[in-house]
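Welcome to a short set of exercises on reading a protein structure. Keep the sequence and the 3D view open, try each task yourself, and then go through the solution.

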Amino acid sequence: MATAANPNMAAGAVPTQENSNGPLYVDTQHDDMVHDAQLDYYGCKLATSSSDSTIKIYNVSGSSYEHTATLQGHEGPVWQ
């Protein structure tokens, strides 16, 4: 389900899932534009890719999230 842009959402934040309280916004802490955000099949892991040449992985549980890893070493933007 698509959601409208939230003017209160921090730059680099992406909606992860819909719940009864609305979307969960994650401040990804990427240094540049986020190109893609994908949840795993179970909705427990979130991966974001960015023009800052990194992929960031988060554990997602209900309305909370925790950054668990940053994959570096790409030579350019990561699109997907």
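**Exercise 1. Two tyrosines and their rings**

Task: Find Tyr41 and Tyr42 and decide: are they buried or exposed?

Solution. Start with the surface: both Tyr41 and Tyr42 are exposed. Please keep in mind that this is a predicted model.

Next, look at the rings. The centres of the Tyr41 and Tyr42 rings are 5.0 Å apart, and their planes stand at 90°. An angle over 60 degrees counts as edge-to-face, so Tyr41 and Tyr42 form an edge-to-face pair.

**Exercise 2. The other ring pair**

Task: Work out how the rings of Tyr58 and Tyr65 are arranged, and how accessible each residue is.

Solution. Step one is the count: the structure holds two aromatic pairs. Step two is the geometry. For Tyr58 and Tyr65 the ring centres lie 6.1 Å apart with the planes at 75°, so this pair is edge-to-face.

Step three is accessibility. Buried means under 20% relative accessible area. Tyr58 has 2%, so Tyr58 counts as buried. Tyr65 has 34%, so Tyr65 counts as partly exposed.

**Exercise 3. The overall plan**

Task: Describe the chain in terms of helices, strands and surface.

Solution. First, count the elements: there are six strands and zero helices. Along the sequence this gives the pattern β-β-β-β-β-β. Then turn to burial: the chain has 80 residues, and 29% of them count as buried. The chain exposes about 5,300 Å², with carbon and sulfur atoms supplying 50% of that area.

**Exercise 4. The nonpolar core**

Task: Which residues make up the largest nonpolar core?

Solution. The core has five residues: Leu24, Val26, Leu46, Tyr58 and Val60. Now ask where they come from. Strands β2 (22–27) and β5 each supply at least two residues of this core. You have already met one member, Tyr58, in the ring pair with Tyr65.

**Exercise 5. A hairpin**

Task: How many bridges join β5 to β6?

Solution. Locate β5 at residues 55–61 and β6 at residues 64–71; the two strands run antiparallel and are joined by seven bridges. As an example, follow Ile57 across to β6, where its bridge partner is Ala69. Finally, look at the turn: two residues sit between the strands of this hairpin, and Gly62 takes a positive phi near 60°.

**Exercise 6. His35 and its surroundings**

Task: Which residues does His35 touch, leaving aside those up to four places away in sequence?

Solution. Begin with the location: His35 belongs to strand β3 (residues 34–39). Its relative accessible area is 24%, so His35 is partly exposed.

Leaving out sequence neighbours up to four places away, His35 touches Ser49, Ser50, Ser51, Pro77, Val78 and Trp79. With Ser51 there is a polar contact between the two side chains, at 2.4 Å. Pro77 is 42 residues from His35 along the chain, yet their C-alpha atoms are separated by 8.8 Å.

**Exercise 7. A serine in a loop**

Task: Is Ser53 buried or exposed, and where does it lie?

Solution. Ser53 lies in the loop between β4 (45–50) and β5. Its relative accessibility is 17%, so Ser53 counts as buried. To see what surrounds Ser53, list its contacts beyond four places in sequence: Leu71, Gln72, Gly73, His74, Glu75, Gly76, Pro77 and Val78.

Definitions and conventions:
Residues are numbered from 1 along each chain as its sequence is written. This is a predicted model: local features need pLDDT of at least 70, side-chain atom pairs count only at pLDDT 80 or more; totals for chains, interfaces and linings use all residues. Side-chain values use heavy atoms; hydrogens and water are left out. Two strands pair if DSSP finds at least two bridges between them. Helices (H or I, at least four residues) and strands (E, at least two) are DSSP runs, numbered from the N terminus. Buried means under 20% relative accessible area, exposed over 50%, partly exposed in between (1.4 Å probe, protein chains only). Contact means heavy atoms within 4.5 Å. A polar contact is a pair of N or O atoms within 3.5 Å; within protein, one must be able to donate a hydrogen and the other to accept it, and residues adjacent in sequence count only if both atoms are side-chain atoms. Accessible areas come from the Shrake-Rupley method with a 1.4 Å probe; for residues, only the protein chains shown count as cover. A nonpolar core is a set of buried Ala, Val, Leu, Ile, Met, Phe, Trp, Tyr and Cys residues joined through side-chain atoms within 4.5 Å. Rings of Phe, Tyr and Trp (its six-membered ring) pair if their centres lie within 6.5 Å; planes under 30 degrees apart count as stacked, over 60 as edge-to-face and the rest as tilted.
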